[in-house]
Amino acid sequence: MKYYLMVVVGDVEPEIKGPFFTTEERDAAAKAHRKQDPEMNDGVYTLDVDADSGVKVGAYAGGFFDDASFSTTCPRCGVDGELSVVEAVLATTGRTLKIDSSLSADGFEVPTNARDASTDDEVVRCNACKVNFPLSEVTL
Ligand SMILES: [Zn+2]
């Protein structure tokens, strides 16, 4: 497996960086790139190339570029592992996205057809007590 970073400069011109030996190295390069692009003009994607399974492009989970980590325990009922992100606003377009993605300590997945995985105003739902609350309540 070879790991690359695909940067779509100004959302127009694709550039491939790499290969990297580990996903950690590649992810560090993604964060370094985003630091130089605070306006988020560039789309940043993962690109994995494998001799057997072929090419796979992916988006970064919400919160990845914020270095945020999350509690997976419901602040209302205390049940662990039942939190899902059900709504998020795309930072680039302001469009509200209805999703259903389980929340892990590292974040959550947004659909890979989204232009950029960066989101704001996320709404989390606890599947145990059925209460919705803002993601900021479980951001560490
Ligand atoms: Zn709950």
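Two strands are taken to pair if DSSP finds at least two bridges between them. In the predicted model described here, this criterion is met by strand S5 and strand S6 (residues 96-102), which pair in the antiparallel sense over 5 bridges. Within this pairing, Ala-88 stands opposite Leu-97 in S6.

The overall architecture is considered next. The protein chain contains 1 helix and 8 strands, and these elements follow the pattern β-β-α-β-β-β-β-β-β when read along the sequence. The radius of gyration of the protein chain is 16 Å, close to the 14 Å that the globule rule gives for 140 residues, and the chain is therefore as compact as a globular protein of that length. The C-alpha trace spans about 45 × 30 × 25 Å along its principal axes. Of the 140 residues, 22% count as buried. Among contacts between residues at least 6 apart in sequence, 59% join residues at least 24 apart.

The protein chain is divided into two parts, domain 1 (2-59) and domain 2 (64-137). A distance of 23 Å separates the C-alpha centres of domain 1 and domain 2.

One open sheet consists of 4 strands in the order S2-S1-S3-S4, with antiparallel pairing. Its edges are formed by strand S2 (13-20) and strand S4 (54-59), each of which pairs on one side only. From one strand to the next, the twist in this sheet averages 25 degrees. Strand S1 (residues 2-9) and strand S3 (residues 43-50) run antiparallel and are joined by 7 bridges. In this pairing, Val-8 is found opposite Gly-43 in S3. Helix H1 (residues 23-35) packs on the sheet, where the helix touches S1, S2 and S3. The direction of H1 makes about 15 degrees with that of S1.

Another open sheet of 4 strands has the order S6-S5-S7-S8, and its pairing is likewise given as antiparallel. S6 and strand S8 (132-134) occupy the edges with a single partner strand each, so one side of each is left without a neighbour in the sheet. The twist in this sheet averages 25 degrees from one strand to the next.

Within the S6-S5-S7-S8 sheet, S5 has bridges to S7 and to S6. On the S7 side, 6 bridges join strand S5 (residues 83-90) to strand S7 (residues 119-126), and the two strands run antiparallel. The register of this pairing is illustrated by Leu-83, which stands opposite Cys-126 in S7, and by Ser-84, which stands opposite Arg-125 in S7. On the S6 side, the bridge partner of Val-89 is Thr-96, while Ala-88 faces Leu-97 across the pairing, as noted above. S5 and S6 form a hairpin with 5 residues between them. In the turn of this hairpin, Gly-94 has a positive phi of about 75 degrees.

Note on methods:
Residues are numbered from 1 along each chain as its sequence is written. This is a predicted model: local features need pLDDT of at least 70, side-chain atom pairs count only at pLDDT 80 or more; totals for chains, interfaces and linings use all residues. Domain bounds come from an automatic or database domain assignment. Axes are lines fitted to C-alpha atoms, for helices over the stretch in contact, and angles run from 0 to 180 degrees between N-to-C directions. Two residues are in contact if their C-beta atoms, placed from the backbone, lie within 7 Å. The radius of gyration is taken over C-alpha atoms; the globule rule is 2.2 Å times the number of residues to the power 0.38. A residue is buried if 20 or more other C-beta atoms lie within 10 Å of its own, exposed if 12 or fewer, and partly exposed in between; C-beta atoms are placed from the backbone.
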